[in-house]
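Let's walk through this fold the way you might at the bench, with the structure open on one screen. We'll start with the sheet, move on to the helices, and finish with a few residues worth a click.

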Amino acid sequence: MNIIVCIKQVPDTTEIKIDPVKGTLIREGVPSIMNPDDKGGLELALRMKDMYGANVTVITMGPPQADLILREALAMGADRAILLTDRKFAGADTLATSYALAGAIKTMDYDLIIAGRQAIDGDTAQVGPEMAEHLGLPQVSYVVDAQLTDHHSLMVKKEDEECVQTLEVEGKCVLTVLASAYQARYMSVSGIMEAYSREVEIWTADKIEVEEEKLGLKGSPTKVFRSYPKALKTPGELHEVSEEEAVELIVSKLKEKHII
């Protein structure tokens with residue numbers, strides 16, 4: 001069983017600032033991490049490796065420094081790591097990103113593709129489903145568990161706001177996983193040492209099955225006109241009053257705002 005896991009290097013959003021002129025994220029000096037949902041997906045793949053003897057390949061699209069999360073994945077137990085990096089990928093939105101990833105995956109042997117539900121730097125939850133569409137594969141999103149059945153289909157649990165659904169999927173498919181589904185394993189010391197002695201494969205646009213005009217900024221129909229951090233709410237007022245006074249105070253405030 002060959003599993004491909006798509007991961008992404010993202011800035012630690014607790015420290016993100018936005019350029020007031022360009023409206024873009026200021027990434028300089030900001031630490032980067034493996035996207036949490038992707039790490040949940042990687043943990044699912046590694047558990048399937050432990051249970052069924054699967055071979056796990058991790059792939060990411062990004063600048064050369066994205067090598068770091070690939071080595072982290074190798075240290076956790078992945079078998080192969082691929083970095084898609086090329087200036088032709090620069091400026092890609094979710095559509096162009098999913099197209100490039102799908103173009104790489106088309107050249108590979110796989111039985112299952114796993115990705116995180118969404119990345120914390122964009123929160124679109126689009127790349128996984130779009131990738132499935134490019135590849136013509138069924139997809140299950142918001143996955144919290146997946147196991148092989150006796151007849152080699154997948155029994156998948158997905159979580160929504162109201163319930164947990166159990167679905168049986170036959171054949172190749174794409175799963176997008178929630179970070180909350182699994183506690184990701186730690187890297188071992190020996191795993192870290194081995195990861196830095198292993199090869200991370202570098203793939204450029206020329207190595208994958210794509211049309212160049214659909215890559216990067218040229219292939220990105222999404223246009224961001226403005227970005228800004230969420231405004232902080234002003235502190236509320238604290239009133240220590242009796243129940244009767246509280247009712248009168250609430251009513252007066254509602255009248256002030258013309259709600260009643």
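In this predicted model, nine strands form an open sheet with mixed pairing, in the order β11-β10-β9-β12-β8-β1-β6-β7-β13. The edges belong to β11 (164-169) and β13 (201-203); each of these has a single partner strand, so one side of each has no neighbour in the sheet. On average, neighbouring strands of the sheet are turned by 35° against each other, ignoring direction.

What holds such strands side by side? Strands of a sheet pair through backbone hydrogen bonds, in either the parallel or the antiparallel sense. You can find both senses here. β8 (residues 112-116) and β12 (residues 174-177) run parallel and are joined by four bridges. If you want one pair to click on, G116 has V177 of β12 as its bridge partner. For the antiparallel sense, go to β10 (residues 154-159), which pairs with β11 over six bridges. There, K157 stands opposite T166 of β11, and a hairpin of four residues takes the chain from β10 to β11.

Now for the helices on the sheet. Helix α2 (residues 67-76) lies across β6 (55-61) and β7 (80-84), and its direction is at about 165° to that of β7. Helix α3 (residues 94-105) packs on the sheet as well, where it touches β1 (2-6), β6, β7, β8 and β13. The direction of α3 makes about 145° with that of β6.

How many of the 10 residues of α2 are buried? Nine of them are, so this helix is mostly covered. The buried set holds D67, I69, L70, R71, E72, A73, L74, A75 and M76. Their packing partners are β2 (9-11), β5 (32-34), α1 (36-52), β6, β7 and α5 (189-195). Right after α2 comes G77, with a positive phi near 135°.

α3 has a helix partner too. Two packed helices are described by the angle between their axes and the distance between those axes. For α3 and helix α4 (residues 127-135), the angle is about 50° and the axes are 8 Å apart. The two helices are therefore oblique to each other, and their crossing is right-handed. On the α3 side, the contact is made by T94, L95, T97, S98, Y99, L101, A102 and I105. On the α4 side, V127, E130, M131, H134 and L135 take part. By type, the residues of this contact divide into eight nonpolar, four polar and one charged.

Next, a few single residues. A125 and Y142 are not glycines, yet A125 has a positive phi and so does Y142. Here they are, with L46 from a helix added for its burial.

| Residue | Where it sits | Relative accessible area |
|---|---|---|
| A125 | loop between β8 and α4 | 23%, partly exposed |
| Y142 | strand β9 (residues 139-148) | 34%, partly exposed |
| L46 | helix α1 | 1%, buried |

The phi of A125 is about 55°, and the value for Y142 is also about 55°. Which residues does L46 touch, leaving aside its neighbours within four places in sequence? They are V56, M76, G77, A78 and R185. Two of these names have come up already: M76 is one of the buried residues of α2, and G77 follows that helix. For a sense of distance, L46 and T94 are 48 residues apart in sequence and 26 Å apart in space, C-alpha to C-alpha. T94 is one of the α3 residues in the contact with α4.

Finally, zoom out to the whole chain. The secondary structure comes to six helices and 13 strands. The C-alpha trace spans about 70 × 50 × 40 Å along its principal axes. Of the 260 residues, 39% are buried. Among contacts between residues at least 6 apart in sequence, 71% join residues at least 24 apart. The parallel pairing of β8 (residues 112-116) with β12 (residues 174-177) is a pairing to look at with that in mind.

Methods. Residues numbered from 1 in each chain as written. Predicted model: local features only at pLDDT ≥ 70, side-chain atom pairs only at ≥ 80, totals over all residues. Heavy atoms only, no water. Pairing = 2+ DSSP bridges. Axes fitted to C-alpha atoms, helices over the stretch in contact; angles between N-to-C directions. Contact = heavy atoms within 4.5 Å. Buried < 20%, exposed > 50% of the residue type's maximum accessible area, 1.4 Å probe, protein only. Parallel < 35°, antiparallel > 145°, perpendicular 65-115°, else oblique. Left-handed = near helix turned anticlockwise from the far one by under 90°. Nonpolar A, V, L, I, M, F, W, Y, C, P; charged D, E, K, R; others polar.
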